[in-house]
Amino acid sequence: MKRIRIYEEHCIGCGLCEVHCLVQHSRSRKIIRAFREERDTVLPRVQVERDGYLSFALQCRHCDDALCIEACMTGAMYRDPETGAVLCDTDRCVGCWMCIMACPAGAIQRGTEGKVASKCDLCIGQDVPVCVINCPNEAIVLEDDDDE
Amino acid sequence: MSDAKYLIIGNSAAAIAAVSGIREVDPDGTITLVAREEHHTYSRPLITYLLGGKVDEEGMLYRPADWYERVGVNTILGAEVTSVDPQAHTVTTADGRTLGYEKLLIAVGGTPIVPRDLQGADAAGVFTFTTWDDAHAIRQYIEEHGVQLAVVIGGGLIGLKSVEALVALGIRTTVVELADRMLSATFDETASRLAQKRLAEAGVEVRCGTTATELLSEDGSVVGAKLSDGDTVPCELVILAIGVLPATDLVEGSAVATDRGILVDDGMRTSAEDVFAAGDVAQARALLCGTKRCIAIFPNAYRQGAIAGRNMAGADATWDGGLVMNSVTVVDMPTISVGVTEARGEDCEELSELDEDAYSYRKIVLEGDRIVGAVFVGEIDRAGIITGLIRERIDVSSVREMLLTDDFGLISVPAEYRRRVLSGTGVQ
Ligand SMILES: Cc1cc2nc3c(=O)[nH]c(=O)nc-3n(C[C@H](O)[C@H](O)[C@H](O)COP(=O)(O)OP(=O)(O)OC[C@H]3O[C@@H](n4cnc5c(N)ncnc54)[C@H](O)[C@@H]3O)c2cc1C
Ligand code: SF4
Ligand code: SF4
């Protein structure tokens, strides 16, 4: 499957990925409106972690052995059979946070809207996720890892 | 009916995971799944949500309605298996059927405990609460009898969740817990105290250090619970939530060895050839202590089922050891507890941070250089990183100062482990 690879040595911690992710998952998909009016209802699903000079952008790893899926007690968390992406069916999610307990990357957050799990969906319907498109330094890159 | 290559007893987390596990290895071997309950596979932990009106019937389904068909599973629902004959490679059902198999999985879960010395437990209005049908029956009883007062016996996970459902229905509820605090199996004292405070604020009466000795009834219906401390609590409904025991009765007298549960090795194989067990019924190796224990939680059931399924189809998957963990919301207060939540032994140490008024609490239990447990109340968002460090037995001596800081994240963990997690190609 295609996976977003993280190059921490390239990341300058600018946070543009977070901005574009938030806008992409907002209702308006407009940057000003998303930040002015929707800030309370939408979270970026990528988070830049920083510690001194080290930084990297972290979003769901869409793990081969996805611990969030096995922990999900409702069946809301699932693997898309076509793309291999790990997705949350927010209609079925009840916000029990079993997935948060299980995810070793800490890549899931409690959503602010409707109390459902908020995580990277690889920008469903787009060839390349917006964080990857907008990273100025190729610190997150979409790569095929089928040969691994 | 002709023999199935794979026969699965059960239709819940472990069974469904097993079907997926089999299909990863063997796309077309015949699978038959037989279960006592007639329902399509559903999420057991959601039964309290259903009672409380937080999910509807459709929301109960653990897999889509066409799932069995899509993955190629024949189902026999509403049939109870009463015995297993590993020698003959057959099982028999209560309605007199004999089913043959090449590989068998027992994933029958647990049976709710009704204390033998509790008098009056057969009155109307007294329920255990572990199935969809229980949720229906309780709902119906509440409506027909206009229930306003309830007693929940047992202050563990199922008890707590039952309370939440009853409170959502506007029923005044008392919890009776024999231990000196609620959720004592998974919480430390501080977390229990916060949970109890929260419940008290929501109008729930929590009575610890006592238990019901007799249920009083009038005209066959329950009207009160007599407690060991001498008090009587009036009520129109009692939910028994003392716990579940592995449902091992179907293998009694067979070659399948049991202790508390059905004993399995790291490949989920039982002592009998071609017979596997997984989920709440199984007793498998625990991660931290290394001995075989029954850890009746959803993620374990799923993982064990998946391993059993792959191995039934000829793979060699191995269990990494069970870890007790739970994520429970107590009246809007999220909590997560993992592993050992109270330091025991010389080499153990606790790091903690508490803001009592904000209902915020974090604690990490270390044994030497490794984390063996954690409790989170309020702030839970990075809990999974800690779970990962526990599961993988990572040496955290270089980062221990960071563990409870606000900006703790994956960036804080040892670099080699971090890269492994980031690669996404399996944590194992
Ligand atoms: C109210 C409640 C809340 C819970 N909340 C949580 C939670 O928040 N987190 C968590 O981790 N866990 C929770 N659990 C525990 C969790 O539901 C179990 O760990 C999990 O369901 C175990 O799955 P299983 O497949 O082993 O067995 P079960 O889910 O118990 O399923 C057993 C299956 O076997 C079938 N069966 C049983 N006996 C027979 C027989 N003799 N013949 C044929 N079929 C049979 C049943 O019909 C059923 O399909 C909760 C449990 C309850 C009751
Ligand atoms: S949410 Fe976490 S466990 Fe699940 S696939 Fe993403 S990184 Fe892996
Ligand atoms: S929060 Fe939602 S996605 Fe996560 S485990 Fe619970 S139901 Fe599943």
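**Surface patch, ligand shells and strand pairing in a predicted model**

In this predicted model, Ile31(A) counts as partly exposed because its relative accessibility is 45%, a value between the 20% and 50% limits for buried and exposed residues. Ile31(A) belongs to helix α2 of chain A, which spans residues 31-37. Together with Ile32(A) and Phe35(A), Ile31(A) forms a nonpolar patch on the surface. The accessible area of these three residues together is about 270 Å².

Two ligand environments in chain A were examined. Ligand 2 is surrounded by Cys60(A), Arg61(A), His62(A), Cys63(A), Ala66(A), Leu67(A), Cys68(A), Val86(A), Cys103(A), Pro104(A), Ile108(A) and Lys119(A). By class, the shell around ligand 2 comprises 9 nonpolar, 1 polar and 2 charged residues. The shell around ligand 3 includes the cysteines Cys72(A), Cys88(A), Cys93(A), Cys96(A) and Cys99(A). Thr74(A), Met77(A), Val94(A), Gly95(A), Trp97(A) and Met98(A) also lie around ligand 3. Of the residues around ligand 3, 9 are nonpolar and 2 are polar, and no charged residue is present.

In chain B, strand β24 (residues 360-367) is mostly covered, with 6 of its 8 residues buried. Strands of a sheet pair through backbone hydrogen bonds, in either a parallel or an antiparallel arrangement. Strand β23 (residues 348-355) of chain B is joined to β24(B) in the antiparallel sense by 8 bridges. Within this pairing, Leu366(B) of β24(B) stands opposite Glu349(B). The hairpin of β23(B) and β24(B) has 4 residues between the strands, and Tyr359(B) takes a positive phi near 55° in this hairpin.

Strand β24(B) also pairs with β25 (residues 370-377) of chain B, again running antiparallel, through 7 bridges. Here Lys363(B) is placed opposite Val375(B) of β25(B). The hairpin of β24(B) and β25(B) has 2 residues between the strands, and Gly368(B) adopts a positive phi near 60°.

Another sheet in chain B is open and contains 3 strands in the order β17-β19-β20, with mixed pairing. Strands β17 (262-263) and β20 (292-293) of chain B occupy the edges and have a single partner strand each, so one side of each is left without a neighbour in the sheet. The pairing between β17(B) and β19 (residues 282-285) of chain B is parallel and consists of 2 bridges. In β19(B), Ala282(B) is the bridge partner of Ile262(B).

Positive phi values also occur in loops of both chains. Most residues other than glycine have a negative phi. In chain A, Leu122(A), which is not a glycine, has a positive phi of about 55°. Leu122(A) is located in the loop between β7 (117-118) and α5 (130-134) of chain A. With a relative accessible area of 15%, Leu122(A) is buried, because residues under 20% are assigned to that class.

In chain B, the phi of Arg393(B) is near 55°, likewise a positive value in a residue other than glycine. The loop containing Arg393(B) lies between α8 (383-391) and α9 (415-423) of chain B. Arg393(B) counts as partly exposed because its relative accessibility is 30%.

Technical notes: Residues numbered from 1 in each chain as written. Chains lettered and ligands numbered in written order. Predicted model: local features only at pLDDT ≥ 70, side-chain atom pairs only at ≥ 80, totals over all residues. Heavy atoms only, no water. Patch = residues over 30% accessible without salt bridge, like charges linked within 9 Å, V, L, I, M, F, W, Y side chains within 5 Å. Areas by Shrake-Rupley, 256 points an atom, 1.4 Å probe, with all protein chains shown as cover. Salt bridge = Lys/Arg side-chain N within 4 Å of Asp/Glu carboxyl O. Buried < 20%, exposed > 50% of the residue type's maximum accessible area, 1.4 Å probe, protein only. Near = heavy atom within 4 Å. Nonpolar A, V, L, I, M, F, W, Y, C, P; charged D, E, K, R; others polar. Pairing = 2+ DSSP bridges.
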